[in-house]
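Biologist: I have a chain open on my screen and would like to go through it with you. Could you put it up so that we look at it together?

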Amino acid sequence: MAAPSGLPRGARARKAGLYTAVVLCLAVSVVHVILVFLHVAPANTVSRRYSPLINAWVYPFFEQNWRLFAPDPESVNRKILARTAHTGSGGSVQVSPWFDLTAVDRSAVEHQVFPSHTAQNMLRRAWAGYVDSHGGDDESRTERALMMQKYLSNIAADRVAAYNGGTFDFVQLRVVTVSVAAPGTRVGSRPSTPVESRLLPWWKVTRHAK
């Protein structure tokens with residue numbers, strides 16, 4: 001009896017699909033590496049020419065907090081707090097206590113061998129993107145500024161809803177910034193570090209109810 005020639009049609013289709021998926025994954029990986037490299041590399045002709053494409057790919061999920069050949073480590077500690085407000089049927093406004101979003105992330109990092117990117121970077125980079133697009137003013141004058149404002153407010157609203165529940169229509173953030181002491185300074189001899197507190201305006205969010 002002659003052996004069957006080739007693979008069945010279904011097996012050949014699955015094999016072709018697998019090869020196609022592998023090739024697409026490799027292509028996306030190569031494109032991702034190239035675009036992130038151009039983002040962190042010093043400004044050059046290529047990065048300036050394709051700046052819109054690079055920024056569209058990198059922001060806000062793949063943004064890097066460093067530059068090739070010139071790292072820029074964090075020099076301050078920030079604590080981001082949030083509170084919510086809800087207007088009742090009688091017109092009374094109920095404001096919640098402050099909730100420490102940074103403490104939740106720090107706890108998730110300290111108690112995990114392999115902490116997630118969300119706990120390590122999402123809130124921190126959202127705030128950095130907000131500052132980069134707004135500066136010291138909380139008016140969103142560009143599309144990117146408005147995007148970063150909504151991104152930050154959505155993160156805060158989702159996390160407060162996940163941990164505290166309740167119903168609310170507005171969210172407000174307060175960011176406390178403390179400078180990191182110089183290395184090698186003894187704890188007892190360290191001068192008092194200045195504390196900066198920035199209170200953001202109330203932002204309307206999609207109603208959360210649990």
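Biologist: What share of the residues counts as buried here?

Modeller: This is a predicted model, and of the 210 residues in the protein chain, 28% count as buried.

Biologist: And how much area does the chain expose?

Modeller: The exposed area of the protein chain comes to about 14100 Å², and carbon and sulfur atoms supply 60% of that area.

Biologist: OK, changing topic: how many helices and strands are there, and what pattern do they follow along the sequence?

Modeller: The protein chain has six helices and six strands, and reading along the sequence gives the pattern α-α-α-β-β-β-α-α-α-β-β-β. Among the contacts with a separation of 6 or more, 64% are between residues 24 or more positions apart.

Biologist: Let me pick a residue, D105. Where is it found, and is it buried or exposed?

Modeller: D105 is found in helix 4, which covers residues 101-110. Its relative accessibility is 11%, and D105 counts as buried because that value is under the 20% cut-off.

Biologist: Which residues is D105 in contact with, leaving aside neighbours within four places in sequence?

Modeller: With those neighbours left aside, D105 is in contact with T118, A119, L123 and R159. For one of these, A119, which lies 14 residues from D105 along the chain, the two C-alpha atoms are separated by 4.8 Å.

Biologist: Now S47, where is that one, and why does it count as buried?

Modeller: S47 is found in helix 2, residues 45-49, and it counts as buried because its relative accessible area of 10% is under 20%. Apart from neighbours within four places in sequence, S47 is in contact with L38, P42 and I54.

Biologist: Last topic, confidence. What is the average pLDDT, and which elements have the lowest and highest means?

Modeller: The protein chain averages a pLDDT of 83, and 83% of the residues score at least 70. Among its elements, strand 6 (residues 203-208) has the lowest mean pLDDT, at 80, while strand 3 (residues 99-100) has the highest, at 94.

Biologist: What should I keep in mind where pLDDT is low?

Modeller: Where pLDDT is low, the predicted coordinates should not be read in detail.

Notes. Residues are numbered from 1 along each chain as its sequence is written. This is a predicted model: local features need pLDDT of at least 70, side-chain atom pairs count only at pLDDT 80 or more; totals for chains, interfaces and linings use all residues. Side-chain values use heavy atoms; hydrogens and water are left out. Helices (H or I, at least four residues) and strands (E, at least two) are DSSP runs, numbered from the N terminus. Buried means under 20% relative accessible area, exposed over 50%, partly exposed in between (1.4 Å probe, protein chains only). Contact means heavy atoms within 4.5 Å. Accessible areas come from the Shrake-Rupley method with a 1.4 Å probe; for residues, only the protein chains shown count as cover. pLDDT is the predictor's confidence in each residue, from 0 to 100.
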